[in-house]
Amino acid sequence: MASEELAQKLQRRLQLEESGAASGGEAAGKGEEVAGDEAAAAGDEAERSCLTASADAELSAKLCRRQDINEGAAQPRRAAVFNPYTEFKEFSRRQIKDMERMFRLYDSGRDGYIDLMELKLMMEKLGAPQTHLGLKNMIKEVDEDFDGKLSFREFLLIFHKAAAGELEEDSGLLTLAKLSEIDVSIEGVKGAKNFFEAKVQALSSASKFEAEIRAEQDERKREEEERKHRRAAFRELKSAFTQ
């Protein structure tokens with residue numbers, strides 16, 4: 001009888017220990033799961049902190065650049081080499097060449113830029129002198145790299161903005177564009193007296209750029225054919241005298 005009672009107590013103790021072990025394993029599993037979630041949350045937080053720091057650094061760099069520009073201490077950012085014929089497709093090749101000729105005429109420093117004093121001389125030559133503040137505002141309207149002077153691309157932007165109607169009526173740049181007449185006798189634009197009349201009519205012809213390229217190629221071919229004919233005629237004449 002005593003042995004049966006002892007056996008029952010031992011069996012009960014064994015059951016209690018097994019149930020305790022199972023409970024401990026479940027708790028450990030839950031603990032590991034919570035730890036995993038906390039680690040994942042920590043990783044997400046670290047990633048967000050990294051992205052925020054990167055965005056803050058970029059914003060800070062932009063703000064510093066703007067402050068340097070306002071204080072006149074910013075170094076100009078050199079624009080990449082551009083092709084005016086592909087970027088400004090609304091202009092004919094001859095118009096761009098005329099604008100380039102005009103740009104070089106007033107680039108007295110031969111540095112590839114028109115500074116404030118050179119712009120002042122240009123406006124005086126065009127018969128529309130500007131004040132010092134007016135000249136600075138003219139440059140500011142198209143000065144993309146904030147260097148206080150006009151590159152050739154920025155010079156072309158004057159005519160681009162004027163043709164697109166993006167300049168105010170009292171803008172000095174609009175005055176510059178209006179006074180910059182094209183050679184209508186060469187351009188052949190039905191008696192147009194200024195750039196804007198020529199621009200309106202030029203836009204009506206599709207693929208004008210490609211047509212001009214083909215015309216230049218045809219002209220070169222004709223010149224080469226003429227040279228061949230002249231050489232052939234010279235050889236015939238020479239052979240006639242030597243006989």
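These exercises, each with a worked solution, deal with side-chain contacts and burial in a predicted model.

**Exercise 1. Classify the pair formed by F103 and F155, then place both rings in the chain.**

Solution.
- Begin with the general idea. A pair of aromatic rings is described by the distance of the centres and the angle of the planes.
- Take the distance. The centres of F103 and F155 are 5.5 Å apart, and the cut-off for a pair is 6.5 Å.
- Take the angle. The planes of F103 and F155 stand at 55 degrees, and the pair is tilted.
- Place the rings. F103 belongs to helix α3 (residues 93-106), and F155 belongs to helix α6 (residues 152-163).
- The two residues are 52 apart, and their pair links distant parts of the chain.
- Check burial. Both F103 and F155 are buried.

**Exercise 2. Follow F155 to its other partner, F159, and classify that pair.**

Solution.
- The centres of F155 and F159 lie 5.4 Å apart, with 75 degrees between the planes.
- Angles over 60 degrees count as edge-to-face, and this is the class of the pair F155 and F159.
- Both residues sit in helix α6, four residues apart, or about one turn of the helix.
- Now burial, where the limit is under 20%. F155 has 1% relative accessibility, so F155 counts as buried.
- F159 has 2%, so F159 counts as buried too.
- Widen the view. The structure holds six aromatic pairs.
- Ring pairs join F82, F88, F91, F103, F152, F155 and F159 into a cluster.

**Exercise 3. Find which side of helix α5 is buried and what that side packs against.**

Solution.
- List the buried residues of α5 (residues 132-142): G134, L135, M138, I139 and V142.
- Look down the axis. These residues cover an arc of only 135 degrees, so they are on the same side of α5.
- Turn to the face pointing away from the buried side. That face of α5 carries the exposed residues H132, L133 and K140.
- Name the neighbours. The buried residues of α5 pack against α4 (116-125), α6 and α7 (172-179).

**Exercise 4. Work out what the salt bridge between E87 and R153 ties together.**

Solution.
- Begin with the general idea. Side chains of opposite charge can pair when their charged atoms come close.
- The closest N and O atoms of E87 and R153 are 2.4 Å apart, and the cut-off is 4 Å.
- E87 lies in helix α2 (residues 84-87) and R153 in helix α6, so the bridge ties together parts 66 residues apart in sequence.
- E87 has 34% relative accessibility, so E87 counts as partly exposed.
- Look for shared partners. Salt bridges join E87, E144 and R153 into one network.

**Exercise 5. Describe the exposure of the residues in two further salt bridges, E169 with K178 and R231 with E224.**

Solution.
- E169 and K178 form a salt bridge with closest N and O atoms 3.8 Å apart.
- E169 is exposed, at 64% relative accessible area.
- K178, at 40%, counts as partly exposed.
- R231 and E224 also meet in a salt bridge, 3.8 Å from N to O.
- R231 is partly exposed at 41%, and E224 is partly exposed at 29%.
- Finish with the count. The structure has ten salt bridges.

**Exercise 6. Find which rings R93 and K149 lie over.**

Solution.
- R93 lies over the face of Y85, 4.6 Å from the ring centre.
- K149 lies over the face of Y113, 4.4 Å from the ring centre.

Notes: Residues are numbered from 1 along each chain as its sequence is written. This is a predicted model: local features need pLDDT of at least 70, side-chain atom pairs count only at pLDDT 80 or more; totals for chains, interfaces and linings use all residues. Side-chain values use heavy atoms; hydrogens and water are left out. Rings of Phe, Tyr and Trp (its six-membered ring) pair if their centres lie within 6.5 Å; planes under 30 degrees apart count as stacked, over 60 as edge-to-face and the rest as tilted. Buried means under 20% relative accessible area, exposed over 50%, partly exposed in between (1.4 Å probe, protein chains only). A charge sits over a ring if NZ of Lys or CZ of Arg is within 6 Å of the ring centre and within 35 degrees of the ring normal. The arc is that of the directions from the helix axis to the C-beta atoms. Contact means heavy atoms within 4.5 Å. A salt bridge is a side-chain nitrogen of Lys or Arg within 4 Å of a carboxyl oxygen of Asp or Glu.
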